[in-house]
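Here's a quick tour of the model, one chain after the other. Have a look at the structure first, then read on.

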Amino acid sequence: MNNNFVKGSWQEILDWAQNKSINMLHYCTGCGAIELPPTMTSRYDMSRFGIGPAATPRQADLLLVTGYLSTKTLRRLIYTYEQMQAPKFVVGFGSCTINGGMYWDSYNTIKQLDKYLPVEMYIAGCMPRPEAILDGLLKLKKMINNGEADGYQRYQDNLEFYHQNQEAVLGEVQRTQ
Amino acid sequence: MRNEKELLELINVHLEPQAVEIKREQNVSVELAPKNLIQALSFLKSHSYQHLSTISCVDWLEEGAFELVYHLFSYDDYINISLKTRIKREPGIFQTAKEIWPVAEFYERDIHEFFGVEFKGNDNLEEMILENWQHLPPMRKDFDTREFVNDQYEWRDYNGQKHTD
């Protein structure tokens with residue numbers, strides 16, 4: 001057995017374990033957060049898929065961006081994301097994160113989330129129903145299992161690109177070292 | 001307890017209004033000259049209009065004026081008064097009402113942030129909702145939102161077809 005094979009298999013085991021237990025950060029932006037209580041509680045019950053809420057960014061590995069992001073919220077979101085430990089996944093939620101949605105001509109909301117944070121996938125809709133959310137999260141689980149959810153690595157690799165875009169709308173951004 | 005007509009009588013006698021109107025039941029609109037406004041606020045407060053719901057601002061670009069609207073309510077009369085005054089758009093300076101209602105400080109801060117109106121006597125007019133805002137106050141009529149958005153953000157590219165206005 002060569003070294004790469006061991007490393008590869010170990011990574012597969014990690015990926016498999018990862019997709020069985022996803023801790024979702026309970027950080028709600030915009031109006032989409034209202035779809036999460038029915039998704040979490042008994043009607044749709046996302047804990048049967050191994051997804052549960054987490055209270056702090058340091059314990060979480062899934063960041064759901066549930067709706068429009070004003071530039072002020074984006075700053076908090078970036079600080080939150082940088083506090084999370086890798087592997088971490090960002091899911092854009094609702095049409096606002098995709099192209100601005102109904103806030104497309106607002107002076108104060110960003111239009112494309114993936115310019116500021118590495119997004120694994122988008123769940124389209126305004127707002128997406130709990131069925132759509134579960135469908136999206138199941139797809140995310142598959143992506144994690146296949147090792148395709150590599151947003152945190154893309155963030156590291158293209159750090160300059162993300163930082164530039166962030167600073168273009170926010171001005172100065174504090175960086176944790 | 002006064003009704004709307006008795007209230008307008010009281011206002012007409014004491015406040016020199018430019019225009020008064022009963023908009024509908026429990027709702028009265030009064031226009032005043034800027035120099036009389038602060039005095040009128042304190043007069044009405046001492047006549048049971050103790051609740052300042054909010055202060056709002058309207059930008060009349062063509063007429064070169066900001067209209068400040070003070071929304072008062074009385075728990076004795078159950079009547080809302082909209083107390084309106086028009087100040088010049090340039091330089092857009094008015095008196096603070098925070099000596100009468102401390103909460104006015106926040107409403108004025110909000111109006112300063114979104115319209116750029118200065119309130120003399122209110123020394124806490126820093127940013128409240130926006131962050132690092134370097135441009136014209138965004139609720140002014142001469143702030144071109146569309147142009148600002150086009151400059152500041154990029155539209156998503158759908159199969160090579162860029163969004164155009």
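## Starting with chain B

In this predicted model, residues 24 or more positions apart make up 49% of the chain B contacts that have a separation of 6 or more. Run the same count on chain A and you get 81% for residues 24 or more positions apart, again among contacts with a separation of 6 or more.

Burial is worth a look too. Of the 165 residues in chain B, 22% are buried, while for the 177 residues of chain A the figure is 37%.

## Overall dimensions

How does the radius of gyration of chain B sit against that of a compact globule of 165 residues? Such a globule would come in near 15 Å, but chain B has 20 Å. Its C-alpha trace spans about 70 × 35 × 30 Å along the principal axes of chain B.

Chain A is another story. A compact globule with 177 residues would have a radius of gyration near 16 Å, and chain A agrees with that, at 16 Å. The principal axes of chain A give a C-alpha span of about 55 × 40 × 25 Å.

## What chain B is built from

Chain B has four helices and seven strands. Going from the N terminus, they come in the order α-β-β-α-β-β-β-β-α-β-α.

There's a record for part of this chain: an unreviewed UniProt entry annotates residues 31–148 of chain B as "domain: NADH:ubiquinone oxidoreductase 30kDa subunit". Over residues 31–148 of chain B, helix accounts for 25% and strand for 31%, and the C-alpha atoms at the two ends are 35 Å apart.

## The sheet in chain A

Chain A holds seven helices and five strands, and along the sequence they read α-β-α-β-β-α-β-α-β-α-α-α. Five strands of chain A form an open sheet in the order β2-β1-β3-β4-β5, with parallel pairing. At the edges sit β2 (51–54) and β5 (121–123) of chain A, each pairing on one side only. On average, neighbouring strands of this sheet are turned by 35 degrees against each other, direction ignored.

Zoom in on β3(A) and β4(A): these two run parallel and are joined by four bridges. One residue to pick out is A:Val65, whose bridge partner in β4(A) is A:Gly92. As for helices, α5(A) lies across β2, β4 and β5 of chain A, and runs at about 165 degrees to β5(A).

## Nonpolar cores

Which residues touch the most other members of the largest nonpolar core? In this set of 38 residues, they are A:Leu62, A:Leu63, A:Val65, A:Val90 and A:Val91. The elements giving two or more residues to this core are β1 (22–25), β3 (62–65), α3 (71–83), β4 (89–93) and α5 (130–145) of chain A. Apart from this core lies another, with 28 residues, including B:Ala40, B:Ile55, B:Ala97 and B:Ala104.

Back in chain A, A:Leu63 makes a handy viewpoint. Set aside its neighbours within four places in sequence, and A:Leu63 is in contact with A:Leu25, A:Tyr27, A:Thr80, A:Tyr81, A:Met84, A:Lys88 and A:Val90. One of those contacts, A:Val90, is also among the residues that touch the most other core members, as is A:Leu63.

Technical notes. Residues numbered from 1 in each chain as written. Chains lettered and ligands numbered in written order. Predicted model: local features only at pLDDT ≥ 70, side-chain atom pairs only at ≥ 80, totals over all residues. Core = buried A, V, L, I, M, F, W, Y, C linked by C-beta atoms within 7 Å. Buried ≥ 20, exposed ≤ 12 C-beta atoms within 10 Å, placed from the backbone. Contact = placed C-beta atoms within 7 Å. Pairing = 2+ DSSP bridges. Axes fitted to C-alpha atoms, helices over the stretch in contact; angles between N-to-C directions. Rg over C-alpha atoms; globule rule 2.2 N^0.38 Å. UniProt positions renumbered as here; feature names shortened; annotations may be inferred.
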